[in-house]
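Here is a quick walk through the charges and cysteines of this chain. Have the structure open as you read.

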Amino acid sequence: MNPGDRVRVDREDRTYEGVVLPSSTDDHLVVKLEGGYNVGVDRDEAAVEVLAEDVYEIDGTDSVGGDDEEEPSEIEFDDDLPTISLISTGGTIASTVDYRTGAVTAQFDAEDVLRAVPDLAGRANYRGRVVANILSENMEPPIWRELAEAVHEEIEAGADGVVVMHGTDTMQYSAAALAFMLETPVPIVFTGSQRSADRPSSDNVMNAVSAVEAAKSDCAEVLVCMHASESDDVCALHRGTRVRKNHTSRRDAFETIGAEPLGTVDYETEEIEFRRDYQERGEADLAIEPELEDDVELLKFTPGMDPQFLDVVEGSEGLIIEGTGLGHVHTDLIPRIEELIADGTTVVMTSQCLEGRVCDRVYDTGRDLLEAGVIEAGDTLPGTAKVKLMWALANSEDVEEAMGTSLAGELQERSVPWE
């Protein structure tokens, strides 16, 4: 019995029928069922009957049971198609099941994604490279620098657009980082999936296809392309500095905060509609400023917080505070914040509210914060503000001016309710 064989498995009072998948241990058998889900059973507790050999193609090979060498993917070049660079950092869109633990793990490279999403064929010419192979909770600023440099190299080499495959949990941070680090004449589109390719409800195919279509568009900005609803109909295009993941598992987890999405991609018709102004293709010259100040922290104020809690950020170059409402903290914290600023820490105020902007001139507490030297971030999202401050500390001569200026669409001129 080998991977790719169709089998019937009898275990206690249950019977399974499906295709044998690779397993990382000899003690367990992993079978993909007809519905698309996988089941693992202890070999000692199961009776297995092979129904047919080598009936299923796994990972691009035609005869998994008898051939250990994987056939390389062949992608023909078409002069009439644009060239899209696929850059992989890992994440669920490029993941499969770890048959040792049963958990999802990142292990595909860019070419594996092309094999896994055959619908990408014929839409563009592709170049692929792997910058990292991690789940996104392990993303770090040094990898942002590597990613920015890789994207810069791909565009410099002639890519008409770039698609970055990324885990969803920290995608908004990475998209914001590249928006500040790069000036781009072509689209840079982040995409991922909430559910792995092993699941029937996976969103990886639609997101990947829509991201490629967006990368061929006229919008030369850093975008995030993910499901706009729970249905497989439309993907939303979010500006990379205004997007937030607002649900742990829904396929439409991502939302643009404070505005409607920049645009949409209709999966059926492949039509792209932009609803707001954007930087057009070719409008900017390619440039990169990849330096970041890593020593920046993000702190959420909560009622009852001890001022001594701020000791943990003592000596840091920068601190983003998520204040309440218009940007407030308990008055007992203000003297400690003033001490941090006097010692050289740049402190920037954002709001915990999803909508609206910081304004510390309305109440006495806010005025005291401004007098202490706190910088207002307007309606910049807290996560985006952290990345922006990292970039500003490393690249700007006037950090306060930079934090008060919209550099990549992160700071809106007005906060207007919308539906």
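## A bridge between two strands

Glu49 is partly exposed, with 43% of its relative accessible area showing. This is a predicted model, so take everything here as computed from it. Glu49 pairs up with Arg8 in a salt bridge, and the closest N and O atoms sit 3.2 Å apart. Arg8 is in strand β1 (residues 6–11) and Glu49 is in strand β5 (residues 47–52), so the pair ties together parts that are 41 residues apart in sequence. Arg8 is partly exposed as well, at 28% relative accessibility.

## Further along the chain

How many salt bridges does the count come to? The total is 23 salt bridges. Another of them joins the side chains of Glu322 and Lys300, at 3.2 Å from N to O. Here the link runs between distant parts of the chain: Glu322 belongs to strand β21 (residues 318–323) and Lys300 to strand β20 (residues 296–300), 22 residues apart. The two ends have their own surroundings: Glu322 is buried, with a relative accessible area of 14%, whereas Lys300 is partly exposed at 44%.

Then there's Arg336, which forms a salt bridge with Asp311, the closest N and O atoms being 2.9 Å apart. Arg336 sits in helix α5 (residues 334–342) and Asp311 in the loop between β20 and β21, so this pair ties together parts that are 25 residues apart in sequence. Arg336 is buried at 13% relative accessibility, while Asp311 is partly exposed at 36%. Elsewhere, salt bridges that share partners gather Arg123, Glu213, Lys216 and Glu270 into one network.

## A negative patch

Now for some acidic side chains out on the surface. Asp218, Asp277, Glu280 and Glu283 form a negative surface patch. One of these, Glu283, is found in the loop between β18 (272–274) and β19 (287–288). Is Glu283 buried or exposed? Glu283 is exposed, with a relative accessible area of 56%, because the cut-off for that label is over 50%.

## Cysteines without a disulfide

On to the sulfurs: the structure holds 0 disulfides. Cys225 is in no disulfide, and the nearest cysteine sulfur, which belongs to Cys235, is 4.2 Å away. A disulfide needs the two sulfur atoms within 2.5 Å, so a separation of 4.2 Å doesn't qualify.

Where does that leave the cysteines in terms of accessibility? Cys225 is buried, with a relative accessible area of 0%. Cys219 also counts as buried, at 0% relative accessibility.

Terms used. Residues numbered from 1 in each chain as written. Predicted model: local features only at pLDDT ≥ 70, side-chain atom pairs only at ≥ 80, totals over all residues. Heavy atoms only, no water. Buried < 20%, exposed > 50% of the residue type's maximum accessible area, 1.4 Å probe, protein only. Patch = residues over 30% accessible without salt bridge, like charges linked within 9 Å, V, L, I, M, F, W, Y side chains within 5 Å. Areas by Shrake-Rupley, 256 points an atom, 1.4 Å probe, with all protein chains shown as cover. Salt bridge = Lys/Arg side-chain N within 4 Å of Asp/Glu carboxyl O. Lys, Arg positive; Asp, Glu negative; His and termini not counted. Charge placed at Lys NZ, Arg CZ, Asp CG, Glu CD. Helix = DSSP H or I, 4+ residues; strand = E, 2+ residues; numbered from the N terminus.
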